[in-house]
Amino acid sequence: MTIREELLKNIRRVEPYVPGEQPQNKVIKLNTNENPYPPSPAVKQALEDLDTADFRLYPDPASSVLVKALAEECQVGEDQIFAGVGSDDVLSLCFMTFFNSDKPILFPDITYSFYKVWAQLYRIPCVCPGLDSDFRIVKEDYYRENGGVIFPNPNAPTAIYEDLGFVEDILEHNRDSIVIVDEAYVDFAGRSATELIGRYDNLIVTQTFSKSRSMAGMRIGYAVSNPELIRCLNDVKYSFNSYTMSRAALVCGAASVSDREYFEENVRKIVETREWVKDQLKNLGFVFTDSKANFIFTRHPDYDGKRLFEELRSEGIYVRHWDDPRIRDYLRITVGTDEEMRILLESLRKKTAK
Ligand code: PMP
C-alpha cells in the first residue's frame, strides 16, 4: 500500500543515522569503536548481586546511585550530572533542550553524523563550517552569531584532540550560546573540559561508558554542567520518559566508576596498542591524523579506501568507511586487542605489497 500525499505531509520524516554494522557471526570487529576488553569485574559482581525480584519495580527516575558516583568522580555536585541511555540519548535531549533558537547551530562538516540527523529531526537550522586541510576544526569559524555550538573532542572520525585553550576560546566567543563538547573519546586523549564548568555557564560536557569503560551494550552516557542547565535537561527528560535507565544499568554504571584502577589500566592498554599500530601503519605507507581516540583515521596514498574496506570485510575484518567525497579514501579503524590488530596489519601488508 502506498501512503497518500495528504497523510504524508503531516508525518515527521527524517533521514536516519546509519549505525555501524553489528554482524552476528564471529568477525574482527573494528567498526564501531567498542572496547575489546571486558568491563571491570566489579560490574559483573554488581550484576550478580542484583535481585531480579526488584525488576517488577520501576527504576529510580533520578538515577541517584549513578549520578552520585559520577559527581564524586568528576568532583562536581550531584545537581551537575545528568545520566541517560548512552550519550546518544543525552545528546539528543540536549539538542531538544538547548538548541531552540531560529539562528543556526554550528558544528563541523566532518564530525559525528548523528548531529545532522538530530538537527533535521528537531528542525533546528544548522551551518557546518569545513575542517581545514589537516582536518582540524577552525575555531574562528565559531565566532559568528549562532543558536548553539557542538563539537566532539577528540573529533570523530578524525580522532584529533584540541587542548583546553582551544575549547576555552570557543566558549569565550560564544558567551550567549550553549556550547556542547562531546567527549565520547576524551579518556584516550587528555584533559576534559569538565575542568571549565565552574567558569563558563554556557558549557555542557557529555561523556559515555561505551568506549573507555567497555559498556556500549549497557547504554550509559551523561552530561556535566551547571545546576541550572542540568535542571532544564531534566525538565525535558521528565516531559518525555521519566524511567530511561534500567536498574541493571544504574548499578553496573556505579560499579564501573568505583573501579578506577581497572579503568586506567584498560585505557592505558588501548593507548599503547594505538601507538604501536600507528607505527606499523606508517611502515606500510599509510597516512593518518594524530589519533588521540580509540580509533585511527587513515588512508593509503596508493589505494582506494572503499576497495580496502570491502576487501577487509570479505575477510571478516570490519572497519568503517564513508562515501563522503572528502573522506572516501579513509578508513576508521577501531583499536582492538593486539592480536586483532596483528591480523589486520598482516592483511593490510599483503594488500599494499601487491
Ligand atoms: N559521540 C560520538 C562522537 C560518538 O562517536 C559516539 C559513538 N557512536 C557517541 C557520541 C554515542 O555513543 P553512546 O551513545 O554509545 O554513548
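Which residue has a polar backbone atom 3.0 Å from an oxygen atom of the ligand? In this predicted model, that residue is Asp88. Two side chains also approach oxygen atoms of the ligand. A polar side-chain atom of Tyr185 is placed 2.6 Å from a ligand oxygen, and an N or O atom in the side chain of Arg219 lies 2.8 Å from an oxygen of the ligand. On its own the ligand has 410 Å² of accessible area, of which the protein covers 92%. There are 13 residues around the ligand, and those that come nearest are Ser87, Asp182, Tyr185, Thr208 and Ser210. Tyr185 thus appears both in this nearest group and in a polar pairing with a ligand oxygen.

Two helix pairs were examined. Two packed helices are described by the angle between their axes and the distance between the axes. Helix H4 spans residues 86-98 and helix H7 spans residues 227-238; their axes come within 9 Å and cross at roughly 100°. With angles of 65 to 115 degrees counted as roughly perpendicular, H4 is therefore roughly perpendicular to H7. On the H4 side, the residues that meet H7 are Leu93, Cys94, Met96, Thr97 and Phe98. Their counterparts in H7 are Leu229, Cys232, Leu233, Val236 and Lys237. By class, the contact of H4 with H7 comprises 8 nonpolar residues, 1 polar residue and 1 charged residue.

The second pair consists of helix H9 (residues 260-283) and helix H11 (residues 338-353), whose axes come within 11 Å and cross at roughly 10°. Angles under 35 degrees count as roughly parallel, so H9 and H11 are roughly parallel to each other. Helix H9 contributes Thr273, Trp276, Val277, Gln280 and Leu281 to the contact, and H11 contributes Asp338, Met341, Arg342, Leu345 and Leu348. The residues of this contact of H9 with H11 divide into 6 nonpolar, 2 polar and 2 charged.

The backbone was also examined in the loops. Most residues other than glycine have a negative phi, and most peptide bonds are trans. Gln75, a residue other than glycine, has a positive phi near 55°. This residue is found in the loop between helix H3 (64-74) and strand S2 (81-84). Cis peptide bonds occur in the loop that runs between strand S5 (149-152) and helix H6 (164-172), where Pro154 lies. One such bond joins Asn153 and Pro154, with omega about -5°. Another cis peptide bond joins Ala156 and Pro157, and its omega is about 5°. Pro157 likewise has its place in the loop between S5 and H6.

Terms used: Residues numbered from 1 in each chain as written. Predicted model: local features only at pLDDT ≥ 70, side-chain atom pairs only at ≥ 80, totals over all residues. Heavy atoms only, no water. Axes fitted to C-alpha atoms, helices over the stretch in contact; angles between N-to-C directions. Helix = DSSP H or I, 4+ residues; strand = E, 2+ residues; numbered from the N terminus. Parallel < 35°, antiparallel > 145°, perpendicular 65-115°, else oblique. Contact = heavy atoms within 4.5 Å. Nonpolar A, V, L, I, M, F, W, Y, C, P; charged D, E, K, R; others polar. Near = heavy atom within 4 Å. Polar contact = N/O pair within 3.5 Å; in protein donor to acceptor, adjacent residues only side chain to side chain. Areas by Shrake-Rupley, 256 points an atom, 1.4 Å probe, with all protein chains shown as cover.
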